[in-house]
Amino acid sequence: MANRTSPLSLVEKTYNLTRSNLKIIRKRLGRPLSLSEKTLYGHLRDPENQDLTRSESFLLLQPDRVAMQDATAQMAILQFMLSGRKESAVPATVHCDHLIRAYTGNEEDLARAKDENKEVYEFLSSASSRYNIGFWEPGAGIIHQIVLENYAYPGGLMIGTDSHTPNAGGLGMIASGVGGADASDVMAGLPWEVKNPGIVGVKLTGSLSGWTSPKDVIIKLLEILTVKGGTNRIIEYFGEGCGSISCTGKATITNMGAELGATCSLFPYDAKMNAFLKSTGREALASAADQNRDILCADDEVALNPADYYDLLIEINLSDLEPQITGPHSPDAVTSLSDMKEKALREGWPTTLTAALIGSCTNSSYEDIDRSASIVTQALEKGIKPALPLLISPGSQLVKETLERDGQMDILIKGGATILSNSCGPCIGQWQREDVEKGVRNSLVNSFNRNFRGRNDGNPETLSFIASPEMVTIMGITGKLDFNPLTDWVLNEKGEKVQFDVPKGNELPLKGYEDSKTGYRTPSGADTNVIVADDSKRLQLLTPFAPWDGKDYMNLPLLCKARGKCTTDHISPAGPWLKFRGHLDNISDNMLSGAVNAFSGETGKGRNLINRESSRTFAENARFYKKQGLSFIIVGDENYGEGSSREHAAMSPRLLGCGAVLVKSFARIHETNLKKQGLLALTFKNPEDYEKVQEEDSISLTGVCNLAPSSSIQVILSHKDGSIETVTAVHTLNEEQIRWFMAGSALNLLREES
């Protein structure tokens with residue numbers, strides 16, 4: 001049966017398998033190993049024969065766990081049900097955190113969510129019970145905090161249907177965000193296939209102090225590497241600076257490694273992790289980790305000569321690091337606090353803030369909120385009335401109950417804060433915001449992870465800036481984006497100039513966590529009836545996609561040529577569309593609704609190449625082509641599919657008839673999602689050829705019939721004026737992934753072989 005926490009037996013099994021595998025790997029490689037290699041190779045299905053070529057080979061791994069949030073779990077479980085398996089082959093959990101809309105406060109918002117999403121929660125609960133999957137009820141907490149507090153452990157390997165699954169790397173676990181197809185495959189007993197990642201070594205020296213926090217470490221790294229710099233790489237931290245960062249602080253850093261595009265990020269096991277395990281009631285796991293320290297950190301030679309073992313080496317001195325702010329519109333648009341006044345003036349950013357939000361899976365720990373509360377305490381004591389009410393989303397019921405017991409919640413409420421539910425809320429666009437009308441330019445600050453245009457409140461004119469909880473708190477109190485607590489003062493109610501002291505906070509609650517152990521449901525077994533209504537508008541049982549017809553793609557219309565940043569938020573937006581995450585046909589009406597048309601500059605609309613109509617939605621045009629029996633092609637820019645792991649961004653194009661997606665470059669998860677659904681994921685061999693694609697092109701792909709690893713595809717562009725240009729596309733499909741394509745999807749192949 002599924003367990004509320006990871007049992008000692010599972011952890012010991014992991015360590016025993018890792019040791020067995022590493023004996024083989026050390027013999028094969030004959031050199032010291034990094035922590036990433038130890039953990040990855042320790043989970044290989046076939047350590048004797050696995051190709052270990054870094055950044056080239058595809059690893060077949062055996063994860064220890066699967067985690068799913070409620071929005072993505074719907075499609076993951078619907079796909080798993082098609083596999084015909086009786087129960088999940090590995091421990092798995094579902095977490096209800098995405099569908100709760102932030103509006104008035106915890107109790108009202110939670111009650112509303114349970115009513116609005118009743119049929120989805122009933123489906124997830126019943127399916128979880130049927131297939132031996134643990135179920136965490138709405139209100140229990142955010143998936144990644146629940147995992148950190150209950151399931152993560154040093155040296156483990158897990159996948160999760162959310163891009164911020166790497167949060168568990170703060171507890172020394174390789175944890176990677178995947179699409180639902182990967183999750184359903186692993187739950188069906190198949191290995192997880194992932195490109196053998198390169199490894200970036202980040203050496204941390206010095207120690208954090210003052211207003212600087214773990215959030216500033218990852219924001220600084222985003223400035224260095226950009227949102228593409230981690231693609232197909234693991235970010236491995238090492239150095240004496242790691243020891244100065246709490247376990248939950250480490251989780252903040254690894255969580256936002258997703259913004260680098262990294263496969264995952266992780267820290268070596270240390271005393272901070274040991275203390276967190278013990279504080280969350282996992283003393284036996286802490287003891288097991290202590291006994292296996294040698295496999296939970298890099299070999300000594302790696303730390304002594306890191307340039308010999310990492311593909312890229314970066315050093316950050318924590319003692320010199322100042323608070324960082326990133327935004328708007330991209331997580332790597334970084335400004336140091338000391339530069340904000342000048343830059344905001346130069347860029348014309350509104351510096352009077354309209355909102356300040358704390359929480360999300362990235363920054364909602366006890367330590368985060370304790371430090372924020374210490375700043376609010378100063379404001380109350382010094383006679384400073386906060387300019388803005390803080391909106392706070394605790395990470396879990398465990399954290400919330402402990403903060404209520406220890407008094408921080410009372411302090412925050414006295415300071416005007418609104419306590420939202422233990423859920424994602426405004427971080428993912430689940431925010432019913434009414435204080436600013438859409439189209440009004442404004443600035444807000446938050447401690448979240450992503451700040452893509454319109455993500456938080458659906459307003460494309462909102463400038464979203466990300467900072468640490470401490471900085472969000474002080475900016476919320478002063479109402480100023482450019483307030484620098486190191487140098488600036490504020491007038492209190494008496495007209496006195498007041499400066500703020502450095503925030504304080506405990507890494508862990510001194511009295512331990514207050515845990516009522518509520519919110520978890522143990523599965524009942526195979527007799528449970530999975531609930532899906534025949535007439536549901538929110539849930540739809542899946543039917544298999546058609547297999548490839550064995551022919552090259554000839555004379556396909558161009559559906560969309562997207563210009564600039566085209567994330568999964570642009571391909572399949574969330575917000576109000578979240579309610580259709582379990583109904584593929586309904587949610588497909590949002591396909592590419594956020595993509596910018598490279599020819600017209602319109603968002604979400606393009607020309608129908610058959611009936612010549614213009615300014616129709618891309619989804620409408622796709623459905624028209626499908627009725628005519630035509631497939632179509634989507635063309636994209638750099639890092640196409642960046643952001644959330646949502647596989648709807650791949651499944652909707654597949655459902656509506658897409659044959660191939662051709663881009664300058666892909667984000668890792670999205671490329672895999674496309675492959676899993678039987679789509680050709682192609683990149684221009686010469687990225688400049690993107691410019692040759694014209695609005696009314698008919699496009700043919702030749703060489704599909706001879707598809708093989710490392711083969712190329714000829715893309716024939718038939719222009720409206722009768723001229724023809726041919727460019728070359730390449731792909732990263734391996735033998736197994738080509739079989740997915742031929743079968744029509746990875747799931748089709750699984751069913752054929754079961």
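**Exercise 1. Pockets**

Task: How much space lies in the largest pocket, and which residues lie nearest its centre?

Solution.
- Step 1. Start with the volume: the largest pocket holds about 1,100 Å³ of space. The model is predicted.
- Step 2. Turn to the lining. It is made by 38 residues. Nearest the centre lie Gly 454, Gly 458, Pro 573, Gly 575 and Pro 576.
- Step 3. Sort the lining by type. It splits into 12 nonpolar, 14 polar and 12 charged residues. Glycine counts as polar here.

**Exercise 2. The second pocket**

Task: Which element gives the most residues to the lining of the second largest pocket?

Solution.
- Step 1. Take the volume of the second largest pocket, which is about 450 Å³.
- Step 2. Look at its lining of 24 residues. Closest to the centre are Tyr 553, Ser 631, Arg 654, Gly 657 and Cys 658.
- Step 3. List the elements that give two or more residues: β22 (553-561), α21 (648-655) and β26 (658-663).
- Step 4. Pick the top contributor. That is β22, with four residues.
- Step 5. Sort this lining by type: 13 residues are nonpolar, seven polar and four charged.

**Exercise 3. The barrel**

Task: In what order do the seven strands of the closed barrel run?

Solution.
- Step 1. Trace the strands: β22-β25-β26-β27-β30-β29-β28. The pairing is mixed.
- Step 2. Check the twist. Neighbouring strands are turned by 40° against each other on average, direction ignored.
- Step 3. Zoom in on one pair. β26 pairs with β27 (residues 680-684) in the parallel sense, over four bridges. In this region Ala 660 stands opposite Leu 680 of β27.
- Step 4. Add the helix. α20 (residues 618-627) packs on the sheet and touches β22 and β25 (632-636). The direction of α20 makes about 165° with that of β22.

**Exercise 4. The open sheet**

Task: Which strands are the edge strands of the four-stranded open sheet?

Solution.
- Step 1. Write the order, β10-β9-β8-β11, with parallel pairing.
- Step 2. Find the strands that pair on one side only. They are β10 (264-266) and β11 (312-317).
- Step 3. Note the twist: neighbouring strands are turned by 20° on average, direction ignored.
- Step 4. Inspect one pair. β8 (residues 198-205) and β9 (residues 233-238) are parallel and share six bridges. Lys 203 has Phe 238 in β9 as its bridge partner.
- Step 5. Place the helix. α8 (residues 214-225) packs on the sheet and touches β8, β9 and β11. The direction of α8 makes about 135° with that of β11.

**Exercise 5. An aromatic pair**

Task: Why is the pair of Phe 80 and Tyr 131 called edge-to-face?

Solution.
- Step 1. Count first: the whole structure has 12 aromatic pairs.
- Step 2. Take the ring centres of Phe 80 and Tyr 131. They are 5.2 Å apart. Centres must lie within 6.5 Å to pair.
- Step 3. Take the planes. They stand at 90°, so the pair is edge-to-face. The cut-off for that class is over 60 degrees.
- Step 4. Locate the rings. Phe 80 is in helix α3 (residues 70-83), and Tyr 131 is in the loop between α5 (118-130) and β4 (134-136). The pair therefore ties together parts that are 51 residues apart in sequence.

**Exercise 6. Backbone details**

Task: Where are Pro 328 and Ser 55 placed?

Solution.
- Step 1. Pro 328 is in the loop between β12 (324-326) and β13 (334-336). A cis peptide bond joins Gly 327 to Pro 328, with omega about 0°.
- Step 2. Ser 55 is in the loop between α2 (35-41) and β1 (58-61). Ser 55 is not a glycine, yet its phi is positive, about 70°.

Technical notes
Residues are numbered from 1 along each chain as its sequence is written. This is a predicted model: local features need pLDDT of at least 70, side-chain atom pairs count only at pLDDT 80 or more; totals for chains, interfaces and linings use all residues. Side-chain values use heavy atoms; hydrogens and water are left out. Two strands pair if DSSP finds at least two bridges between them. Axes are lines fitted to C-alpha atoms, for helices over the stretch in contact, and angles run from 0 to 180 degrees between N-to-C directions. Contact means heavy atoms within 4.5 Å. On a 1 Å grid over the protein atoms alone, a cavity is a set of points where a 1.4 Å probe fits but cannot get out, and a pocket is an open set with protein on both sides within 12 Å along at least five of seven lines; lining residues have an atom within 4 Å of a point. Grid points are joined across faces, edges and corners, and a volume is the space filled by probe spheres set on the points. Rings of Phe, Tyr and Trp (its six-membered ring) pair if their centres lie within 6.5 Å; planes under 30 degrees apart count as stacked, over 60 as edge-to-face and the rest as tilted.
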